[in-house]
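Me: I would like to learn how to read a structure one feature at a time, with the general idea first and the particular case after it. Could we go through it slowly?

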Amino acid sequence: MKRLLSFFLFFGIIVFWSSCRNDFEFSPSTGNLGFAKDTVYLDTVFTNIGSSTYNLKVYNRSDEDIVIPTIQLENGINSFYRMNVDGSTGLQGSQEGKFFENVELLANDSLFIFIETTIDIETLTASDTQFLYTDKILFDSGNNQQDVDLVTLVKDAIFIYPNRDTTTGIIETLTFDVDGDGNPDETTLQGRFLENDELTFTNEKPYVIYGYAGIDEGNTLTMEAGARVHFHANSGIIVTNGASLNINGSISADHEILENEVILEGDRLEPLFTDVPGQWGTIWLFNGSINNTINYATIKNATIGILSEGNQDVPNDKLIITNSQIYNSSAFGILGRATSITGENVIINNSGQSSFAGTLGGKYNFTHCTIANFWNSSFRQFPALLLNDYVEDEEGVTITNDLVEANFNNCIVYGNDNPEFFLDSRGSVFNFKFTNCLLRFDNDNLANTGNYMFGDSNFYESNIFNIDPDFNNGFENLMQIGEDSGANGIGLPLFALQVPNDILGIVRGASPDAGAFESIPFED
């Protein structure tokens, strides 16, 4: 009985206390809201591709609970923006995400507004390739009205994507001769082959690719200087048997804007995604593709920057890559499988596994290249440079193939791990040589054993080991070297004559530096 009496007494006190409080008596706002920012920039988006979600924090710094009569977009139901206010999408129907009524905000509290946009540039302009779209969020009306600006840059683009069956919803996949038996094979790669009028990418508009853009036998895809190519998730380019890829960039006057380089990256343009690895698939040079050339290209944020397979014995190397940069690959920068590659003035950095891997033998010649790895996003299993001559099949049987040659001349092989190159041979032909290179290999257990006989001039000649290359900032892909670099002046002039200018066009002197850059003094 006493317990019951105590309960009713306690309950009565709570009711009385609550009835005396005015905390939940909301007063209309009087135009004194505070905002974390006066303009929300939603960065740059492609036409018809949704943006990331951005937020605006709204403050009630008064000592009274208030109600905001309305929160709305100035352009109303015609706005390309949409909002969510503290988890609510507002009025339903055409005004959903556009109009909110009687939004309560406690004293000295705040709320979040989340903003997104999807914009069709054709509804804004018939001719511009980019357009600045703006709107406002209006809080209240009349004399109490406050506003926050919304700004988005919208870019037009050429979209390349596979067809979808309207009945089944199945997306088109690529069909081509995979196993070399002369018969087409259906693959699981979503995508389609480029039409003849799509085989030249210009710099007039960016290209956005969904799925894999295939280059069919006998065709060549040409990318002109200044072209911009963006890939959606799980997308890329595949160059099939008898087809070619020619990326024809040129040197840029502004080495930050890179106006003449061809840039290949993901389709998320927000700064948050600038250096995120693994946003798209790969450039896949399939077995049988021929005469592939890449000059002045930046390839970034892929899973594998370039995957080159087969054709190690062709008269002209399967891939010639020059004056190019490959960054932020979640697996490999360049992965070769029994293939043939020539590289000059190439920079590869920040790869989840190896920056360059020549596997299952092949033929590789790299001169004045910087092969580095300062990956710090996760554990890295392999060094910056990996060479092997075998693969194990599903039954554990080892299959070997000759490493015909692997020459690294006037190169830098370095990174934030040790050692930064690994040579794994199981077959009978494993030919390699490092000449006038700066190498990171500080391992007493492996040095002067097996493939690491550093005193044998047949494999190692005039190299420098474990001296800091003095990169500007390897973790940020700033790979230029300073005056204190261990690579300064160690290059062999003979190889510098083959590649007389560095990647910035600076002439290499009588005592050339190793790597893709000539050294410069860094500003303090």
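**Reading the spaces and contacts**

Reply: We can begin with an enclosed space: the largest cavity is lined by T44, V45, F46, I49, G50, D267, R268, L269 and E270. This is a predicted model, in which local features need pLDDT of at least 70 and side-chain atom pairs count only at pLDDT 80 or more, while totals for chains, interfaces and linings use all residues. Residues are numbered from 1 along each chain as its sequence is written, and side-chain values use heavy atoms, with hydrogens and water left out.

Me: What is the volume of the largest cavity, and how many cavities of 30 Å³ or more are there?

Reply: In general, rolling a probe the size of a water molecule over the atoms shows where empty space is left. On a 1 Å grid over the protein atoms alone, a cavity is a set of points where a 1.4 Å probe fits but cannot get out, whereas a pocket is an open set with protein on both sides within 12 Å along at least five of seven lines; lining residues have an atom within 4 Å of a point. Grid points are joined across faces, edges and corners, and a volume is the space filled by probe spheres set on the points. By this rule there is one cavity of 30 Å³ or more, and the volume of the largest cavity is about 50 Å³. Its lining has four nonpolar, two polar and three charged residues, where Ala, Val, Leu, Ile, Met, Phe, Trp, Tyr, Cys and Pro count as nonpolar, Asp, Glu, Lys and Arg as charged, and the others, Gly among them, as polar.

Me: Which residues are closest to the centre of the largest pocket?

Reply: The largest pocket has a volume of about 1200 Å³, and of the 43 residues that line it, H255, E256, L258, I263 and K300 are the closest to its centre. The lining divides into 15 nonpolar, 15 polar and 13 charged residues. Among the strands that each supply at least two lining residues are β3 (39-46), β21 (262-266) and β26 (319-329); strands (E, at least two residues), like helices (H or I, at least four), are DSSP runs numbered from the N terminus.

Me: How many salt bridges are found in the whole structure?

Reply: A salt bridge is a side-chain nitrogen of Lys or Arg within 4 Å of a carboxyl oxygen of Asp or Glu, and a search of the whole structure finds 13 of them. In one, the side chains of R82 and E116 meet at 3.3 Å, N to O. That pair links distant parts of the chain, since R82 is in strand β6 (residues 81-85) and E116 in strand β8 (residues 109-117), 34 residues apart. In another, K136 and D147 meet at 3.9 Å, N to O, joining strand β9 (residues 130-139) to strand β10 (residues 146-155) across 11 residues of sequence. K136 and D147 also belong, with D149, to a network of salt bridges.

Me: Are D317 and K363, which also form a salt bridge, buried or exposed?

Reply: Buried means under 20% relative accessible area, exposed means over 50%, and partly exposed lies in between (1.4 Å probe, protein chains only). D317 is buried because its relative accessible area is 12%, and K363 likewise counts as buried at 17%. Their side chains meet at 3.3 Å, N to O. By contrast, D179 is exposed, with a relative accessible area of 52%, and D179 lies in the loop between β12 (173-176) and β13 (185-193).

Me: Which residues have a positive phi although they are not glycine, and where is there a cis peptide bond?

Reply: Most residues other than glycine have a negative phi, and most peptide bonds are trans. Here N48 has a phi near 70° and is found in the loop between β3 and β4 (54-60). N311 has a positive phi of about 70° as well, and N311 lies in the loop between β25 (302-309) and β26. A cis peptide bond joins N418 and P419, with omega about -5°, and P419 lies in the loop between β34 (412-415) and β35 (421-424).
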